[in-house]
Amino acid sequence: MGERWRSAIPSVLSVLLALGVCWGAIALTRDAEVAAEAYLQMLYGGLGQWPRYLETGDVGTLTRPLGEAAIKAALLLLTGLSVAVAFKAGLFNIGAQGQMLLGALVAALVGAHMSLPSALHVPLALLAAAAAGAVWALIAAALKLLRGVHEVITTIMLNWVAVSLVDNWLAVGPLRAAVSGGHSISGTAEIHPSAHLPRLLGDLSRLNLGFLLALLVALLVWVGLFRTRRGFETRAAGLGAEAARTAGIPVKQRTAEAMGLAGALAGLAGALLVLGTEFRYPGSLGAPYGFDGIAIALIGNSHPLGVTLSALFFGILRAGGTRMQLLGVHKSFPELIQGLALLFVAGRLVWLTLLRKRRAVPASTEVPRA
Amino acid sequence: MLELLEALLFSTLDAAPALVFAALGGVLSERAGVVNVGLEGQMRVGAFCAAVAALSMPTPLAVGVGMLAGAGLATVHGYLSIRWRSDQVVSGMAINLVALAGGTFLLEALYSPNGTPPIQQLPRWDLPGLGAVPVLRALSNHPGLTYLALALPFLFHALLHHTPVGLRLRAVGEKPHAVATLGLSVAGLRWGAVVGGGMLAGLGGAVLSTAVLDRFEQHTPAGLGFMALAAVVFGRWTPLGAFAAAAFFSFGNALRIGLASSAPGLLDVIPQGFLLALPYLLTLILLTVQGQRSSAPAALGTPYEQESR
């Protein structure tokens with residue numbers, strides 16, 4: 001087991017501890033039986049109802065939950081990658097939410113107001129969404145590089161600007177869909193079928209091309225960061241700007257590129273939401289996927305592989321969370337697990353110290369006694 | 001016209017204290033060098049615990065419970081970021097996520113998904129002699145905490161800039177090594193600032209659930225903690241600056257609500273969403289103009305290690 005795998009230990013322990021604490025929380029507020037049943041339902045909801053399937057042979061009992069988990073995981077993966085890429089360049093992107101929001105809006109506009117063959121329409125909508133997210137992120141990059149304003153502050157501000165302008169104005173005002181058939185709908189007009197992301201299993205589940213796309217993007221990000229010179233330079237700039245600059249690396253340029261890429265990834269997440277499942281910009285984006293991305297990225301140790309695993313895991317929990325409602329446990333429960341896991345990951349140094357102490361004990365017994 | 005002004009002043013004075021307290025909490029923590037993006041979470045537990053406590057005790061006492069809850073959550077932040085030198089932004093965001101999800105879970109488990117049962121609101125004080133004066137009338141009939149929010153920034157200013165403790169607090173945010181050289185405890189000073197900041201943020205949250213509303217609702221504090229953070233930066237990390245920024249944001253909000261009710265036609269010209277975005281846009285523009293390095297505490301966000309230089 002190499003050093004690289006050992007660095008994943010704090011994350012795994014954090015997730016396990018979070019699962020344990022949350023189990024205890026249900027057991028205390030309800031009872032232990034409900035807690036066990038809730039976790040079982042969460043697994044069924046995320047990985048398929050295997051008992052039902054074996055009993056009835058209905059494939060839908062497997063594909064529907066798995067599809068939902070994959071959809072959730074794809075969104076978490078992209079926003080997680082967004083935060084992770086920025087992190088590798090030494091930036092803290094708290095603005096994935098705002099970038100995703102703009103990506104979603106632009107994808108909805110391109111999807112609804114252009115008529116193209118599907119082979120062009122989908123890529124165009126994806127690209128436009130990525131570009132929109134990138135532009136929003138580059139505002140923060142520009143302010144950091146030109147005016148020295150910390151990106152944590154600017155991205156938080158840009159989030160609220162995006163939410164205020166889009167959710168409280170554009171989506172309910174000028175861009176709101178025209179009222180049709182007497183009942184008004186919230187959000188922008190529905191996108192054309194040619195802009196839908198193709199479903200992979202037809203009517204068996206909502207699983208769509210977006211999931212594969214997200215996995216492919218994760219692979220590309222890994223290659224880009226760890227197998228190219230540019231990626232090496234970006235990581236070097238993130239580890240120490242001064243040293244990187246001395247080594248002749250154009251730090252400002254790499255920083256700006258990383259932030260642009262981070263925004264593009266978050267924008268892409270918005271596009272997946274709109275083109276894959278919502279088919280319009282809804283009245284409001286709803287869940288704080290961008291903030292989830294922070295947790296996913298940090299639990300995944302900001303490594304593309306770790307982020308992928310963490311996104312898949314929490315995608316399963318998230319999809320399963322809706323099933324817990326059958327037992328009267330709130331559907332936001334997986335978010336509590338995620339939040340606690342992040343809190344424990346934040347204490348990475350605590351874990352490492354504890355682990356070192358445990359390893360130090362057997363080592364000390366080998367000391368020859370005089 | 002005078003009536004409109006009076007109404008605006010009144011609703012600003014009602015809404016501002018939550019933001020003022022949280023922003024002062026942010027100033028306290030950040031002047032000592034610890035970034036506090038967890039203000040939102042600290043406000044949330046403050047608001048929640050105060051509302052829950054007020055179900056079984058007098059509301060003023062419950063406000064104290066809210067303050068303790070905010071301080072408790074800040075202790076987690078302090079433990080991770082001071083004791084274990086964790087990344088302060090990570091720790092702060094983690095606190096926010098836990099407070100958001102945990103609050104939602106507990107609210108549902110103990111009461112209802114929408115909010116706690118109604119509680120007794122904080123009593124409002126009638127200032128004698130103001131009842132008949134136009135405009136100034138708006139100063140009367142607020143809970144005591146409103147008047148505290150008007151006075152505290154000045155007390156804070158005096159504390160930070162004119163007392164030895166204030167000097168040490170500021171120094172620990174600028175040059176912690178110099179403070180350590182004097183034989184003072186960097187960790188101790190930072191702990192005090194973080195826990196005190198959490199207490200103030202908890203108080204800000206408690207104001208929301210005990211004075212602005214009469215219960216804790218699912219979406220309390222709805223981003224006010226982040227707005228407080230903006231007020232800290234907008235106010236250049238000074239108590240009076242943050243106070244002015246918080247008051248300005250609250251006035252903007254009161255103006256938006258006031259306009260919506262008194263002159264609905266105006267909202268066709270200026271969209272509501274644009275008015276909502278205005279404080280954040282202004283903060284961004286101001287930051288663009290002035291740059292940030294000039295005013296942020298020098299050691300902000302860097303964990304203190306005795307061996308490092």
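UniProt positions are given here in the numbering used for this model, and its annotations may be inferred rather than shown by experiment. With that in mind, the unreviewed UniProt entry for chain A lists "transmembrane region" at residues 69-87, 99-116, 122-143, 207-225, 258-277 and 289-316. The model itself is predicted, so treat what follows as a tour of a prediction.

**Chain A at a glance**

Chain A is a helical affair: 16 helices and 0 strands. How does its radius of gyration sit with that of a compact globule? For 370 residues such a globule would come out near 21 Å, and chain A has 22 Å, which agrees. Along the principal axes, the C-alpha atoms of chain A fill a box of roughly 90 × 65 × 35 Å.

**Chain B at a glance**

Chain B brings a bit of strand into the picture, with 12 helices and 2 strands. If you walk along its sequence, the order is α-α-α-α-β-β-α-α-α-α-α-α-α-α. Its radius of gyration is 20 Å, close to the 19 Å from the globule rule for 309 residues, so chain B is as compact as a globular protein of that length. The box around the C-alpha atoms of chain B is roughly 60 × 45 × 40 Å along the principal axes.

UniProt has something to say about this chain too: its unreviewed entry puts "transmembrane region" at residues 61-82, 89-107, 191-213, 225-249 and 269-289 of chain B.

**Looking into the annotated spans**

Here is how four of those spans look in the model.

| Span | Helix | Strand | Distance between end C-alpha atoms |
|---|---|---|---|
| Residues 122-143, chain A | 100% | 0% | 32 Å |
| Residues 289-316, chain A | 86% | 0% | 15 Å |
| Residues 191-213, chain B | 96% | 0% | 32 Å |
| Residues 225-249, chain B | 84% | 0% | 12 Å |

Two places in the loops are worth a stop here. Asn301(A) lies in the loop between helix 13 and helix 14 (304-324) of chain A. Its phi is near 60°, a positive value in a residue other than glycine. Over in chain B, Pro221(B) is in the loop between helix 8 (186-212) and helix 9 (224-234), and a cis peptide bond with omega about -5° joins Thr220(B) to Pro221(B). Why point these out? Because most residues other than glycine have a negative phi, and most peptide bonds are trans.

**Where the two chains meet**

On the chain A side, 42 residues are in contact with 42 residues of chain B. About 3800 Å² of area is buried between the two chains, and carbon and sulfur atoms give 82% of that. What about polar links? Between chain A and chain B there are 3 residue pairs in polar contact and 0 salt bridges.

Which parts of chain A touch chain B? Helix 2 (9-29), helix 7 (118-147), helix 8 (151-170), helix 13 (289-299), helix 15 (333-346) and helix 16 (348-365) of chain A each supply at least two residues. Helix 8 of chain A gives the largest share, with 12 residues. Sorted by class, this side of chain A has 28 nonpolar, 12 polar and 2 charged residues.

**Salt bridges**

Over all chains, the count comes to 12 salt bridges. One of them pairs the side chains of Glu190(A) and Arg280(A), at 3.3 Å from N to O. This pair links distant parts of the chain, 90 residues apart. Glu190(A) sits in the loop between helix 8 and helix 9 (209-226) of chain A, while Arg280(A) is in the loop between helix 12 (251-278) and helix 13 of chain A.

Notes
Residues numbered from 1 in each chain as written. Chains lettered and ligands numbered in written order. Predicted model: local features only at pLDDT ≥ 70, side-chain atom pairs only at ≥ 80, totals over all residues. Heavy atoms only, no water. Helix = DSSP H or I, 4+ residues; strand = E, 2+ residues; numbered from the N terminus. Contact = heavy atoms within 4.5 Å. Buried area = accessible area lost by both parts, 1.4 Å probe. Salt bridge = Lys/Arg side-chain N within 4 Å of Asp/Glu carboxyl O. Polar contact = N/O pair within 3.5 Å; in protein donor to acceptor, adjacent residues only side chain to side chain. Nonpolar A, V, L, I, M, F, W, Y, C, P; charged D, E, K, R; others polar. Rg over C-alpha atoms; globule rule 2.2 N^0.38 Å.
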